[in-house]
Amino acid sequence: MQRIVILRLGHRPERDKRITTHVGLTARALGAEGMLLASNDKGIKNAIEDVAERWGGSFYVENDVNWKSEIRKWKEQGGKVCHLSMYGINLPDAAEEIKTCNELMIVVGAEKVPPEIYDLADWNVAVGNQPHSEVAAVALTMDRIAQEEPLKREFSNAELTIVPMECGKRVIDNKKKE
């Protein structure tokens, strides 16, 4: 089973709340175990962990981390680092190799990524060579490198579960079953 952690760089609390929240929620939904936030925004941490509590799984958010020490620590423990960008090798050309990595940190920036990231990363991956959303980059990458179908994942301890259906909505409140 592949272990994936997201490192979010460049979060600007006054501007990026929704994008950073969606990066975390997308990563959680597609199989990451947690997100390291290289900024101080307890609201993001609380919002994402609240979703994980209600919808299941064990996703975590570590707030206000030092990105450089987190990357170094990850690599010292044998992990690999994939930096998502518009620059680098194209995702389709890198996906098969990244898929074989058991311990993967996916780095996703915002406005300006420190140049040092490009040297620290094992892969600098272009998710398209045009400006794009960090959320889309995480979603496309995690889908392409998934070892199992990420869209059919079931989450343990979910208070709420959506029942797939062709038309309409059905949400089961698992707490009422007890």
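**Exercise 1. Work out how exposed K45 is, then find its salt-bridge partner in helix α2.**

*Solution.* Start with K45: its relative accessible area is 24%, making this residue partly exposed (buried is under 20% relative accessible area, exposed is over 50%, and partly exposed lies in between, with a 1.4 Å probe and protein chains only). Before going on, note that this is a predicted model, in which local features need pLDDT of at least 70 and side-chain atom pairs count only at pLDDT 80 or more, while totals for chains, interfaces and linings use all residues. Residues are numbered from 1 along each chain as its sequence is written, and side-chain values use heavy atoms, with hydrogens and water left out.

Next, look for the partner. K45 forms a salt bridge with E49, at 3.0 Å from N to O (a side-chain nitrogen of Lys or Arg within 4 Å of a carboxyl oxygen of Asp or Glu). E49 is partly exposed too, at 25%. Finally, place the pair: both residues belong to helix α2 (residues 42–55), four residues apart, so about one helical turn separates them (helices are DSSP runs of H or I with at least four residues, strands are runs of E with at least two, and both are numbered from the N terminus).

**Exercise 2. Decide which helices the salt bridge between E116 and R72 connects.**

*Solution.* First check the contact: the E116 and R72 side chains meet at 3.4 Å, N to O. Then locate each end. E116 sits in helix α5 (residues 116–120) and R72 in helix α3 (residues 67–76), so this bridge ties together parts 44 residues apart in sequence. Last, look at accessibility: E116 is partly exposed at 27%, and R72 is partly exposed at 40%.

**Exercise 3. Trace the salt bridge of E103 and the network around it.**

*Solution.* Begin with the partner, R3, whose closest N and O atoms with E103 are 2.7 Å apart. E103 belongs to strand β6 (residues 103–108) and R3 to strand β1 (residues 3–8), so the pair joins parts that are 100 residues apart in sequence. E103 has a relative accessible area of 29% and is partly exposed; for R3 the value is 29%, again partly exposed. Now widen the view: R3, E33 and E103 are linked in a network of salt bridges. For the whole model, the count comes to 11 salt bridges.

**Exercise 4. Find what lies over the face of F155.**

*Solution.* Look along the ring normal of F155, and you will meet R28, at 4.4 Å from the ring centre (a charge sits over a ring if NZ of Lys or CZ of Arg is within 6 Å of the centre and within 35 degrees of the normal).
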